[in-house]
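Biologist: I'd like to go through some of the labels on this model with you. Shall we take a look together?

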Amino acid sequence: MDFSKFSDPAFNMKEWVNKALETEQNTNALVMKLQLIMQEVNTSLESTTLALLNDIPRVMAEINALNSETQLLKNQMNLVKSDINKVVKDTSDSMATVVKLDKVKDRMSCTIQKLKQADNWSLLNDEVDQLFEDQEDLLSLSEKLFEMRMALGALTNLPDYEDRLSRYNNLANKLEATISPKLIAALSSHDKEEVRTYYKIFQDMNRGDEFNNYYYRTHRTSTNKILSSTRENSFETWIPVFYSKLLEVYLNERQWCKDIFDNYNTVVVILLTHSISNADLEHDVNNFIADSSSPHDGVVTIISILKKFLVSIDREILSTSDGYDQLIKVIINPYQKHIRSYGDKLKTSLLRYINTLPTRLKRSSADTVREVEGSCKKLTSRVYDAIVTCLTLTNGNVMLDVLAAMEFYFGLFYEKLSSLIKDMSSQYCIDKTGSKNSEDHWIIFQSCFKLLQVLGDLYIDIGNMEKNSISDIMEYVPTQDTLCTYTFTETENTKSLHYLQEIKSGECTGILSKTLTALLTPINSCNKLCVDLVLCNVKSYLHSVHLSEEWVKKEGPVFTPSPLTYITTLGDYLLLLPQQLEPFVAEESHGIDTALSLVNFNEFTGMSEDVEGDAFAWLTCVCQSTLFTLVEMILRIPRLSPVGCKQLAADVSYISNVMAALEVALSRDLIDIAKLLAVPPEMCMSEETKEIPKYLCSKISAMRNASL
């Protein structure tokens, strides 16, 4: 039986009892065993406690002895401290003297060294002359010059110091002139050992920067060779190759320079900077942009090339490296003015493109509208990705310029549309005599309405482009872009980021709102064209009707008035309008629905302010304008005989039935005229007609009484 479980911190009494009963069936025996164990534990505890009590006096005696020794040690330490303070006080003057003597010794040693260097000047001067005559051991010669330079430091107060300094510089120049051809040859052949020797010589002469210049000038020739070998092709073809070869040269030179230069990374970065600067790429960039059919596409091309090269640069060179900033500035400099004028380049390109979009009046109206429809589709497709391209290439830094260019672009096209609509109006809606064009009237009508549909489709396309552009901006996360960081100022970066943040936060919801608003002008002009086309026909039917003899006829034996030809022709024409509108309404054209919803029908006579723009609203507008024209014609009738009065009443009744068939309400003026025609002439100005406007009562009364 395992009794060790009792000492386990996680002892479980129930679990132990259950396991014990599995092996020991006799409970009394188990209890007996536990009692025996408890007795043994108690006995052991008593003996341990007794031994501990016996040891306590001995432990206390040892603690007291240790305490006494500690107090004694403390007293002795105080005595030692007092002795040290006394020694320091007694010897302070002596120590000051020792320190002073040590300083004097150092000064004397330094003076002796300087005097030795000054004494060596003449000796070194003679040795250098001899070494120049031999020209065998250039390294020893450089070491002697180094010693001379060090000796000059001790001779600054001598009267002939300037002469000695001039002598040293002449010797250094002579040595440099002696080794420069060999140095150039060694650099050209990449003779590492020889170049390392010359590097030490230049360092001894304190002319390390001049050695670097030899290195840079030597590589200028190789850069020119690379440039001339790649420049034969078009710019967008050879410039990536040139950059690739330059980067390859950089990597090779960095590996080669490790064993020569102390600061080889900086040296090779400056080499790359000089190579690009000496290439003089600005002229090539300017010519490429100027010769591009689209300046914007040219800028996009150079930005793409430049970004790839800068990515390669950042992969190989740390941005914290010495010379990195200058290198990036030199790389970007030939392109900077073109990138900063990205918006202007886009505007110029769009201006060129807009002139290629035909919006001319052709021989047939259908061909004219078909051409405009094609131009509208090209119009939006040309700038559909302009926002995304701006974000990708410039981090959105020129977003406001791009939006301004797009607004300018659409504005120019709207002007062309307005001009075309004006020409169409002149061609198809001349005056009361009708159209000068020989083309079928309903074909022209269908074409004009199709143009309205095309403009509605254009509005939808621009709206979709705006939504997609805003969605792209919402998803776009600005990145740390080397090109943008070094091209645009901090103010420009802040301004663009603020504008993008306004869009993301919902403060700015319509980036093309001005463009969409401006489109309302050609849409309303086109709608007016459609209405005027109908009214042109209406006016032709009513032309000279007010001078008809029918209005002054005398009553015959039997007279039953029936509508005259002019009014039935007009009614038949109006009843054909729904049939002509059906192709546009039946196909559920979103374009025509959108266009009509944007039309301002309030500018037309008889239209209520809360009218909803749709096909029925357009039909109502035409009918109300027709009724207004009819009223104008009636009011121009000089005289009305009783027969003529009945005839006119019949005509008004007929047109009322036509309007009822079209579900269009009669105009208030026509209703009042019908009432005035139904009462006796003398009642036109009576109490019964007091609700009718006085000018109508007066006019109809004058017409009817004039025949009496």
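Biologist: How do you know that the reach of helix 23 is close to the expected one?

Modeller: Happy to explain! This is a predicted model, so local features need pLDDT of at least 70 and side-chain atom pairs pLDDT 80 or more, while totals for chains, interfaces and linings use all residues. Residues are numbered from 1 along each chain as its sequence is written, and side-chain values use heavy atoms, leaving out hydrogens and water. Helix 23 (residues 642-661) has 20 residues and reaches 29 Å from first to last C-alpha, close to the 28 Å expected at 1.5 Å a residue; the expected span is 1.5 Å times one less than the number of residues.

Biologist: What phi does Glu663 take, just after helix 23?

Modeller: Glu663 has a positive phi of about 65 degrees.

Biologist: Why is helix 24 called oblique to helix 25?

Modeller: The axes of helix 24 (residues 668-678) and helix 25 (residues 694-705) cross at roughly 40 degrees and come within 10 Å. Angles under 35 degrees count as roughly parallel, over 145 as roughly antiparallel, 65 to 115 as roughly perpendicular and the rest as oblique, so helix 24 is oblique to helix 25.

Biologist: Which residues of helix 24 make the contact?

Modeller: Asp669, Asp672, Ile673, Leu676 and Leu677 do, meeting partners on helix 25 that include Tyr695 and Arg704; contact means heavy atoms within 4.5 Å.

Biologist: What makes Glu603 partly exposed?

Modeller: Its relative accessible area is 48%, and buried means under 20%, exposed over 50%, partly exposed in between (1.4 Å probe, protein chains only). Glu603 sits in the loop between helix 21 (590-598) and helix 22 (615-635).

Terms used
Axes fitted to C-alpha atoms, helices over the stretch in contact; angles between N-to-C directions. Helix = DSSP H or I, 4+ residues; strand = E, 2+ residues; numbered from the N terminus.
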